[in-house]
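User: I am a first-year student, and I would like a close look at the residues around the ligand. Please also explain how that part fits into the rest of the chain.

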Amino acid sequence: MRLWYTPTSPYGRKVMVTAIEAGLDKKIEIRSDYTKDPERNLWRDNPLGKIPALALDNGKTLIDSPVICEYLDSINRKKKLFPAKGWRRWTALHQQAIADGVMDAALLRRTESLRPESLRSQDVDTLHKGKVARALDLLEKDAKELSGGLTIGQVAVACALGYLDLRFAADEWRKGRPKLAAWYGKIAKRPSFARTKP
Ligand SMILES: N[C@@H](CCC(=O)N[C@@H](CS)C(=O)NCC(=O)O)C(=O)O
């Protein structure tokens, strides 16, 4: 399998953490490419030009980190990150959706910050900063639901928090969120997270 990947992408990190946890990382060949040029090889695998994308040995390519992670989980017979059924499954998927939304909002802020100063919008930044803050407040309130065996929800939340540390450390997301901060301190020590730290 060939994975289009970049270590600073929180979505890519989700996939790598999943692959490591599933014991599949050795079967994955890592590639990176420029996401802004449709002539590049990445775009032949993913018409949307986004990272991550997983090109399979059967010639098909899977895109979007939730899809890729669930595929890797499905071919792993041992430890499952996607609970098969029951409320634990919906909790994990909901946590993943919240975490992916945090990544989306943070990435939009990052993209905005890289535009020429005269084109940057303070309104866009404020709107997405607020989304991140409200999502983290919800995760703090429901921090108990992050306990138990590792799920894709926990993987996604930890990758989103890691991205905030990487790009928005000055916002100090831990302030006022002691349960989330303590939980993250522990999960970040897992080898799969330590190995993929951006
Ligand atoms: N929903 C996608 C988001 C992927 C995404 O936006 N990746 C970023 C890198 S962090 C990217 O490739 N951006 C380039 C672009 O959108 O053109 C996922 O979960 O995989």
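Analyst: What follows starts from the whole chain and then turns to the surroundings of the ligand.

Please keep in mind that this is a predicted model, and that every value below was computed from it. The secondary structure of the chain comes to eight helices and four strands, and along the sequence these elements follow the pattern β-α-β-α-β-β-α-α-α-α-α-α. The chain has a radius of gyration of 17 Å, close to the 16 Å that the globule rule gives for 198 residues, so it is as compact as a globular protein of that length. Taken along the principal axes, the C-alpha atoms fill a box of roughly 45 × 45 × 25 Å.

The chain is divided into domain 1, residues 2-75, and domain 2, residues 86-191, and the C-alpha centres of these two domains lie 21 Å apart. Ten residues from domain 1 and twelve residues from domain 2 take part in the contact between them. On the side of domain 1 that touches domain 2, the elements that give two or more residues are α1 (10-21) and α3 (65-75), and α1 gives the most, with seven residues. By class, this side of domain 1 has five nonpolar, two polar and three charged residues.

With that frame in place, we can turn to the ligand. The residues around the ligand are Ser 9, Tyr 11, Thr 35, Gly 49, Lys 50, Ile 51, Pro 52, Asp 64, Ser 65, Asp 100 and Leu 107, and this shell divides into four nonpolar, four polar and three charged residues.

Two places in this shell deserve a slower look, and a general point helps in reading them. Most residues other than glycine have a negative phi, and most peptide bonds are trans. Ile 51 and Pro 52, however, are joined by a cis peptide bond, with omega at about 10°, and Pro 52 is found in the loop between α2 (41-45) and β3 (53-55). Asp 64, for its part, has a positive phi, near 80°, although it is a residue other than glycine, and its place is in the loop between β4 (61-63) and α3.

Tyr 11 and Ser 65, which are among the residues around the ligand, also belong to the contact between two helices. The axes of α1 and α3 come within 9 Å and cross at roughly 5°, which means that α1 is roughly parallel to α3. On the α1 side this contact is made by Tyr 11, Lys 14, Val 15, Thr 18 and Ala 19, and on the α3 side by Ser 65, Ile 68, Cys 69, Leu 72 and Asp 73. The residues of this contact of α1 with α3 divide into six nonpolar, two polar and two charged.

Terms used: Residues numbered from 1 in each chain as written. Predicted model: local features only at pLDDT ≥ 70, side-chain atom pairs only at ≥ 80, totals over all residues. Domains from an automatic or database assignment. Contact = placed C-beta atoms within 7 Å. Nonpolar A, V, L, I, M, F, W, Y, C, P; charged D, E, K, R; others polar. Near = placed C-beta within 6 Å. Axes fitted to C-alpha atoms, helices over the stretch in contact; angles between N-to-C directions. Parallel < 35°, antiparallel > 145°, perpendicular 65-115°, else oblique. Rg over C-alpha atoms; globule rule 2.2 N^0.38 Å.
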